[in-house]
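I opened the notebook to go through this model piece by piece. These are my entries, in the order I looked things up.

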Amino acid sequence: MNKRHYIRNSSQDLRLFRWFSAKQCALPTPKMTENGLGHREKVLNMNTMNPNVKRVEYAVRGPIVQRAVQIEKELKEGVKKPFSEVIKANIGDAHAMGQKPITFFRQVVALCAYPDLLEDNKFPDDAKNRARRILQSCGGGSLGAYSASTGIEVIRQDVARYIEKRDGGIPSNPDNIYLSTGASDAIVTMLKLLTSGEGKTRSGVMISIPQYPLYSAALAELAAVQISYYLDEDKCWGLDVSELRRAVEAAREHCKPRALCIINPGNPTGQVQSRQCIEDVIRFAAEERLFLMADEVYQDNVYAEGCQFHSFKKVLFEMGPEYSNTVELASFHSTSKCYMGECGFRGGYMEVINMDPQVKLQLTKLVSVRLCPPIPGQVLLDLVVNPPRPDEPSYATFIKERTANLEILAEKAKLTEQIFNTVSGIRCNPVQGAMYTFPRLTLPEKAIAAAKEKGQAPDMFYCMKLLEETGICLVPGSGFGQRDGTHHFRMTILPATEKLKIVLENIRAFHKRFTEEFS
Amino acid sequence: SKRTGYCENRMSFLSVREISPKVRSINPTELEPLVKRAAQIKTELTQGVRKSYKDVIDVCWGDPHRGGVKPLTFVRQVLAACMYPQLIHSDKLPVDVRRRAQRLLDVCDGESVGSYTATAGIPYIRSNLARFISRRDGGVPSSPENIFLSSGSQISLTHVLKLLIHNQASLPIGVLTPMSTYSTFKMAVEGLGGAVIPYYLEEERGWELRVEELRRVLREFKDVCNPVALYVINPGNPTGHVQSRTSIEEVIRFAAEERLFLMADEVYQDSIFGEDTEFVSYKKVLSEMGPPLSHQVELASFHSVSKGFMGECGLRGGYVELVNLDPEVKKYIYNIFLTDSSPAVTGQLALDLMVNPPRPGDPSYPVYAQVRPIKIILWKLMPQRNILEVLNNIPGISCQPITGGAFILPRLHLPQGAVRKAEELGMQPDLWYCKLLLEEAGVCVGPGCEYGQKEGTYHIRLRVLTPVDTMEEVLRRLKNFHLNFLKEFS
């Protein structure tokens, strides 16, 4: 293992040349030696690198986005294109698409960041009171001090109170609340905690198809088994327990199913599960003894008539002690979505219910390794769970901004569904919630063949062409998972309404062209 | 019970047996329970419980702000203006603050700090970091493509470890790790299924790193694990030792000979206070050693806004610079950072402000220049030689001089009686000492066992980035406590 490996063949000489090119090396270009000696295999090379890393893919920021960034550069450099800007409808980032932050939230974090502003009479009193209360709970009265690894105590208490209020009084214990760096941090931590084993004893984790690819990426990295269960596109992406049963029974042959992940409201599919469905899932998890992971980051993003968000915890407790005393659940929420869209602050939390005390100790130990979540994110989370009350001065503006943001999203959800369904070859389920549409594409055979030749999934081929011709960046459905032989893309409904109309129009025109080109 | 949300006497779906053995193998930290107890005592004091002290002084966390050091005005003004851009149009803030805030918002999507950024961090900030590194290293080139930002350096440290550590071979992957070191690094290695290969620093020579010790340790552990990486902390935590250029060259040569991936944790690079001490980066030394080493040795260097003159631990801003990595491997590094989405924006902004401070002529410069240089901060704090003198004058305590970092690690020469008592209680003697010190004197320090130390030696760790009167009080209480302790157990 300490032997030096001298590689002597022409392909390695090429590699040697690349090693020595200034672009690759951060250090001054040395003279190449006469006979190619003096180069050697890296300590960290493709053979020694953790092989699980190779299996990680995350389509939301994948190759199509990299091409979009390249195109943006080209536009800046003056390269002529059939469009003047790249529209990044690939990522659920509301502020990037022009949504304005909630004034009160930003006032409070600014006051916390620079407390001298507490003397400034331009800031309302309720913002100042919030800031003072938060700073008191920060070490040295500063956002710059570490907090406990589970988060600032007073904020965890506020989160617990918010959950109780949301769930009609069902008690929430702050000791069961873990603040995190966005919900992703908590989700990955839980997956790390409960995955183990090798070969047939590897942990299996159930996740929907289509899914948000954080789950598949994390499972790949952990070398755990992904147990896919299909959502029913014909039933508005609804979930049938018989499908869950099918998936878990098949999986038992080659792994040990441990957990069931569900995203509600759904990403990328936007469905808001009915209360009955949630009960069925809970019953299933109880029967199969699966740890339930409920990703509820879009809980305020519900638009469709007749749809309502039901938290898994609330339904669990309303099902009575037989379930509420036994089913083990982790629920996740964050500051990145809903009406505030504060992705960059990395604020989030998870609440664990009925977790074995020994397991909880391990969890607490595990989160301490990454020290603590960013304090500004914890502060923002506190404001989300503790917004202005009706009797406070900032309430009027707050409620106006919140309502406007959610109403605009609801309008855009409807608009998107309407327009896409006028395009022959595109079929779009109602966008009941979340921030995305995941329409189904009918692609001509010739196009599918052309994609195959290029070694691309057909919907990747489609989306790449769309990007090159219109500057619109979407994520192909293959990045989220879909039934074999079907093709989709995920588009966010976040661009400003006028821009969204243009985007929808351009996609409609493109689809027509595409279908004609490959007929 | 309703309170814990857990029903006793049932079989859990998820029991400890099912938990990842890697996670179970992580050795927990001793610090958090101590800190929790300190918080409890603080509450008791406010409730009027009588104690022989009126407050609890916490010098165990490496957290300057918690210790009373104030944040930099310029940094906080810019951050506030970025968070609440109305401030950019108000004349309450200096012109250079407003300009900088606007510049930073210009490079955020949608001009908001609430947007995601590119996975590796905002390109503008990566470029500025590259320029800073090059300036710092006397012109050695640095490319933004080799720089990855993260929400604190712990995350990028863990990501690099993730690349190196796998469980495909029969022997665990080994990472040479200094004794003493802070615990979360060890926990990160263990959590990934790796093995910590401890190498001792030479206490009698000011906690120097000697290559002979690295060689000894490799020989000893070669058969039980596969050593792949060498982790060094310079300036040292908790030792306060700043490596000389010669020492760094020796380590680099050793890493090259033994084919080890070098991980250089340089987060304390701005905390230098020895009279003739200078920080020189591993990258700079590597470059100046010339070929073949300068383009062979694979190096990851880490820095953050948590320490030094920024002290902004809570903002979570850190970065790693990768040197000489295999280009194929580099493609996959991006993959590991993907699941974090993007680093916290406030941390990224703080990094930019750290490497791009106000310049002479800027309105904010005078205030910044007054506070920033760490020597001046420490002049307002207690001079190191004074701390050293006090400690060395306490019978039963001896202490090495420090030239950098944030801590001091005095050695406790505990009487046999005390060691026996601790063993009876089933506790590490220095942990027990810290618990008593907290209960009886209201001072919270870190136990040496937490960081690793030679068998049979005991230490405590104190943070020196602490205001003068606080430090004086800490030393006074420590001295009193220690003298009583000696009386009781001699």
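**Entry 1: a salt bridge between two helices**

I began with Glu469(A) and Arg513(A), whose side chains form a salt bridge at 2.9 Å, N to O. The two residues sit 44 apart in the chain, so I noted this as a link between distant parts: Glu469(A) belongs to helix α16 (residues 458-470) of chain A and Arg513(A) to helix α17 (residues 497-517) of chain A. I should record here that the model is predicted.

Next I looked up exposure. Glu469(A) has a relative accessible area of 25% and is partly exposed. Arg513(A) is partly exposed too, at 38%. Both values fall between the 20% and 50% cut-offs, which is why neither residue counts as buried or exposed.

**Entry 2: other salt bridges**

How many salt bridges does the structure hold over all chains? I found 57.

I then took Asp391(A) and Arg389(A). Their closest N and O atoms are 4.0 Å apart, and the pair counts as a salt bridge. Asp391(A) is exposed, with a relative accessible area of 64%. Arg389(A) is partly exposed, at 42%.

In chain B I picked Arg76(B) and Glu312(B). Their side chains meet in a salt bridge of 2.8 Å, N to O. Arg76(B) lies in helix α3 of chain B, and Glu312(B) in the loop between β7 (299-304) and β8 (318-323) of chain B, so the salt bridge ties together parts 236 residues apart in sequence. Are these two partners buried or exposed? Arg76(B) is buried, and Glu312(B) is buried as well.

I also noted a network in chain A. Salt bridges with shared partners join Arg275(A), Glu279(A), Asp280(A), Arg283(A), Lys314(A) and Glu318(A).

**Entry 3: helix α3 of chain B**

Arg76(B) made me look at its helix. Helix α3 (residues 73-83) of chain B is mostly covered, with 10 of its 11 residues buried. Among the buried ones are Phe74(B), Val75(B), Arg76(B), Leu79(B) and Met83(B).

What do the buried residues of α3(B) pack against? From chain A, I found α3 and α13. From chain B, I found α4 (95-106) and α12 (345-355).

**Entry 4: the interface of chain A and chain B**

I turned to the whole interface. The contact takes 110 residues from chain A and 109 residues from chain B. The two chains bury about 9600 Å² between them, and 57% of that is on carbon and sulfur atoms.

How many salt bridges cross the interface? The rule finds 2. One that I looked up joins Asp120(A) to Lys92(B), with the closest N and O atoms 3.1 Å apart. I also recorded 49 residue pairs in polar contact between the chains.

Then I listed the elements of chain A that give two or more residues to the side touching chain B. They are α1 (10-20), α3 (103-113), α6 (182-194), α7 (214-221), α9 (275-288), α12 (357-368) and α13 (375-385). By class, that side of chain A has 53 nonpolar, 32 polar and 25 charged residues.

**Entry 5: Arg61(A)**

Where is Arg61(A) found? I located Arg61(A) in the loop between α1 and α2 (63-76) of chain A. Its relative accessible area is 7%, under the 20% cut-off, so Arg61(A) counts as buried.

I looked up what Arg61(A) touches, leaving out residues up to four places away in sequence. The list includes Gln66(A) and Ile91(A) from chain A. From chain B it includes Tyr116(B), Thr117(B), Tyr334(B), Leu338(B) and Ser342(B).

**Entry 6: the chains as a whole**

I closed with the two folds. Chain A has 17 helices and 14 strands. Its radius of gyration is 25 Å, close to the 24 Å of the globule rule for 519 residues, so chain A is as compact as a globular protein of that length. The C-alpha trace of chain A spans about 75 × 60 × 60 Å along its principal axes. Of its 519 residues, 62% count as buried.

Chain B has 19 helices and 14 strands. For its 490 residues the globule rule gives 23 Å, and the radius of gyration is 23 Å, so chain B is as compact as a globular protein of that length. Its C-alpha trace spans about 65 × 60 × 60 Å along the principal axes. Buried residues make up 66% of chain B.

Notes. Residues numbered from 1 in each chain as written. Chains lettered and ligands numbered in written order. Predicted model: local features only at pLDDT ≥ 70, side-chain atom pairs only at ≥ 80, totals over all residues. Heavy atoms only, no water. Contact = heavy atoms within 4.5 Å. Buried area = accessible area lost by both parts, 1.4 Å probe. Polar contact = N/O pair within 3.5 Å; in protein donor to acceptor, adjacent residues only side chain to side chain. Helix = DSSP H or I, 4+ residues; strand = E, 2+ residues; numbered from the N terminus. Nonpolar A, V, L, I, M, F, W, Y, C, P; charged D, E, K, R; others polar. Buried < 20%, exposed > 50% of the residue type's maximum accessible area, 1.4 Å probe, protein only. Rg over C-alpha atoms; globule rule 2.2 N^0.38 Å.
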